[in-house]
Amino acid sequence: MKRILLTWELGSGLGHVAPLTGLGRQLEKTLEASVWYSFQSLHEQLPLEQFRRMLQAPPVQSARNPIGRPNGFSDMLHNVGFDSVGHLRGAIRAWRDIYALVQPDVLVCEFSPMSLLASRGLPVARVQIGTGWHVPPPGAPVPAYRHLPGHDLEQQRTLEDAMLERVNRVLTEFGAPAMSSLTDFFQDVDLIALSTTPDFDHFDRTKPPRYMGHSSARPGTLAHPSWPPGDGPRIFAYLKPFQGLNTLLKQLSSGRYRVIIHAAEQAWDTARHFASRKVTVSRPPVALDSVADADLVISHAGHGLIHETLALELPMLLLPLHREQQVNAANAHEIGVALVIECTGQPPAAEAFEAALGRLLGEAQFRQAARAFRRSHDPATYPGLTALSDAIGKFVE
Amino acid sequence: MNGQSRLSILVTWELRGGSGHLMRLRPIVEQLARRGHHVTLAVSDLIRAQQFFPDLACLQSPQRPGQNPGFPQFASLGEILHHAGFNDLGMVKRLCAAWQAIGELVRPDVVVMHFSPMALLAFQAIPVRRVLIDNGYSHPTATPRMPDLRPWQRGYVELQDGIEEDILQTINAYLVEQNREPVAELPALFRRVDSINLMTLPELDHTGPKRHVHYRGYVEPGGPPPPWPESGARPRVLVYLRPFAGIGELLLRLGGMRWAILAIVPGHDQQLKARLAGVSNLHLTEALCDLHLAARQADLAVCAGGDTVGIMLLGATPVCMVPYNAEQYLTAWRAEKTGAAVTAGSPSRLPPRSDEIITALNRLIGNPDYRDRASEFAARYKDIDPARELSAIIAEIEGEGFP
């Protein structure tokens, strides 16, 4: 039987787990192939049946001198093991040991640069999936991300030249073909399928890739809470730990709103203390159909949740915690459906939350923009998960 | 051995870090590979393992995601299991499934496990030969309760009983689901194997002597002869320590005592080297040498409290122990009872200060009883032969029917 290996190396949270789980299930359901997984986190929301073919991914080796505020794609590569020959050698060997054991016919990489690089020169079909953030367009140096200021192309070129020399040295050691530019290994694949739409791509691309649209597939056990009783606007919030968490929770528990919170990771320890008659706090992820009649969604601007919120035609308050989310938030803001409060620096003041909530709940423009966007961007016009699965299936026929 | 009898052997190491674990496994793994077996490793420190085993496949062992709250200072093996996820049936199922996924790919005839409790549970459900390579810290006594890893302090028995009861229920729920008999007590899980090999000796077993195990002493990693400084008739002191805040001061004070000192300090910096440059009776190096030979040549040793303590005592060399952590302190605590070793500092502040180490060292030098006890210890084990013990371990791994 043919084998497909799905790898996930970087990033965290449901934004990666959900689409990979959905794709894995679809592949298992429709193809005569055994599907294997190698993920960096044995995430609790992954279904147990997928663990039966799950290999722990090799650890990401942090750079010895990390770039503090990575601004470009190459900065990110530098920080996750492309900074030294030793790191590259160890990681490539580790991934190749996995390939030798699994012997995949198709490799599907989601935010897995080292896994993809390690496969270079091996007889395997390669598929790149993920949002635009994970897949750089061709070019040397790699073009700047949308909406992120301060991108110094010359600095990037210097960084990439040194990185390319290191990468080629290690590729040669492993008998793999060298590259002429750093992003070659992202382009030398059999299929690039971006699980996003052009409006929410993280790069401006001269040659558009295959946009599959966002596929919603929330894994694991979902909660179906009811709205707390009483009056007031309904707010759904998906919150992780961040500097302003307490301030926001105080605001949300003022009694003026009816609130359902999915508190992820360590945010649970904080958020559960705010549970009340008008605030429901859930540890498991919340099924979005149970909050479809919300007036507002608050999140950290994860790519998937933004799409799912737009599908519900709801306005958003976005609290990005890192660069990728900053771009997502800026994309959403650009189409007029969201307000953004930066949470990567100083903790936001209570007044900032107060003002944003007031505008998003009081002004009709945000909801109208969400409705207009949804109507002009019907998710059904994108190929989606089934088409992606079919496209991958062609490599195992 | 012919090609047909080659075994697929999965070697696992799941908990804790550091080179010591890999050093313990290396001679065994190398010998297995030399005998033509197909060896795959699944280990907690993958990148370091690649350096130890450049020609073997190394996988990352399944890791519990996130942090399990509580018990940062483990007081029992039960707390270590709790921290590893044994308190959560969902986590146990996921981690065991991930171990079994490795099993499905490697198709092992034998699983050799080192400090790998989740692998041990996962491979209960699979018909393979199971062999443990552990020491007294990672292998429990044959008593209902898991052993105390901090016997010098007051325990909190009721809490620990509660933790162990939770873990026992979780393990049994998993075993029953896998159509396996539940265990009556936690330590029983660790006896559901074909062979238990502890890389220590009864007196130095962290949690006391055990009857149901093979004590194998300490592997002989080999290495070059110890590069002693020119000693003349001066006594030889072996120092084998990792860098810590007071190491420069300690070595300078030792240098002032006019002994011939070989200081093996892996990972030391240039500053330390420069500081000791003028000390002619001290040779500073990062490179490990043949410790068994060094033990026979040294007059006394200063080390942290791991396997080196046992190796030194087998060479009739009394030891001043400088524990960095509670596990090493536990070895030191046991070693002191032999009368051949002294421990610097106290468990409440590790590692000890250099003046505490000098005080302990002076105790050792000032009392010939320590050397006598060390000689007696060595005499008790004069017949122990690392090469023979290694062969015995290999035979246990291969099982019956191998030449």
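Leaving aside neighbours within four places in sequence, which residues is Val319(B) in contact with? They are Ala301(B), Cys303(B), Val309(B), Met312(B), Leu313(B), Ala335(B), Ala340(B) and Ala341(B). This is a predicted model. The briefing below goes from cores to chains, then to the sheet and helices of chain A.

**Nonpolar cores**

- Val319(B) is among the residues with the most contacts inside the largest nonpolar core. The others named with it are Leu41(B), Val239(B), Cys303(B), Cys320(B) and Met321(B).
- This core has 189 residues. Helix H4 of chain B, residues 89-106, gives the most to it: ten residues.
- Another core lies apart from it, with 48 residues. Among them are Ile235(A), Ala264(A), Ile306(A) and Leu314(A).
- There is a general pattern to keep in mind: in soluble globular proteins, nonpolar side chains tend to be buried together.

**Two domains in chain B**

- The domain assignment splits chain B into domain 1 (3-217 + 385-398) and domain 2 (236-380). Domain 1 of chain B is thus written as two stretches of sequence.
- The C-alpha centres of domain 1 and domain 2 of chain B are 30 Å apart.
- Where these domains touch, domain 1 of chain B supplies 14 residues and domain 2 of chain B supplies 13 residues.
- On the domain 1 side of this contact in chain B, seven residues are nonpolar, four are polar and three are charged.

**Where chain A meets chain B**

- Chain A brings 23 residues to the contact, and chain B brings 21 residues.
- Three elements of chain A each supply at least two residues to its side: helix H2 (48-51), strand E3 (54-56) and helix H4 (85-102).
- H4(A) has the largest share of that side, with eight residues.
- The side of chain A that touches chain B has 13 nonpolar residues, five polar and five charged.

**The sheet of chain A**

- Seven strands of chain A form an open sheet with parallel pairing. The order is E3-E2-E1-E4-E5-E6-E7.
- E3 and E7 (210-211) of chain A are the edge strands, and each pairs on one side only.
- Strand E1 (residues 2-8) and strand E4 (residues 106-110) of chain A run parallel, joined by five bridges.
- Thr7(A) stands opposite Cys109(A), which is in E4(A).
- Helix H1 of chain A, residues 14-30, packs on the sheet. H1(A) touches E1, E2 (33-39) and E4 of chain A, and its direction makes about 175° with that of E1(A).
- Helix H14 of chain A, residues 384-393, lies across E1, E4, E5 (125-130) and E6 (191-194) of chain A. H14(A) runs at about 170° to E6(A).

**A buried helix in chain A**

- Why is helix H3 (residues 73-82) of chain A described as largely enclosed by the rest of the structure? Nine of its ten residues are buried, so the structure largely encloses H3(A).
- The buried residues of H3(A) include Phe73(A), Asp75(A), His78(A) and Phe82(A).
- The buried residues of H3(A) pack against H4, H5 (113-118) and H6 (153-173) of chain A.

**A loop residue in chain A**

- Gln103(A) sits in the loop between H4 and E4 of chain A.
- Gln103(A) has 13 other C-beta atoms within 10 Å, so it counts as partly exposed.
- From Gln103(A) to Glu160(A) is 57 residues in sequence and 31 Å in space, C-alpha to C-alpha.

Technical notes: Residues are numbered from 1 along each chain as its sequence is written. Chains are lettered from A and ligands numbered from 1 in the order in which they are written. This is a predicted model: local features need pLDDT of at least 70, side-chain atom pairs count only at pLDDT 80 or more; totals for chains, interfaces and linings use all residues. Domain bounds come from an automatic or database domain assignment. Two residues are in contact if their C-beta atoms, placed from the backbone, lie within 7 Å. Ala, Val, Leu, Ile, Met, Phe, Trp, Tyr, Cys and Pro count as nonpolar, Asp, Glu, Lys and Arg as charged, and the others, Gly among them, as polar. A nonpolar core is a set of buried Ala, Val, Leu, Ile, Met, Phe, Trp, Tyr and Cys residues joined through C-beta atoms within 7 Å. A residue is buried if 20 or more other C-beta atoms lie within 10 Å of its own, exposed if 12 or fewer, and partly exposed in between; C-beta atoms are placed from the backbone. Helices (H or I, at least four residues) and strands (E, at least two) are DSSP runs, numbered from the N terminus. Two strands pair if DSSP finds at least two bridges between them. Axes are lines fitted to C-alpha atoms, for helices over the stretch in contact, and angles run from 0 to 180 degrees between N-to-C directions.
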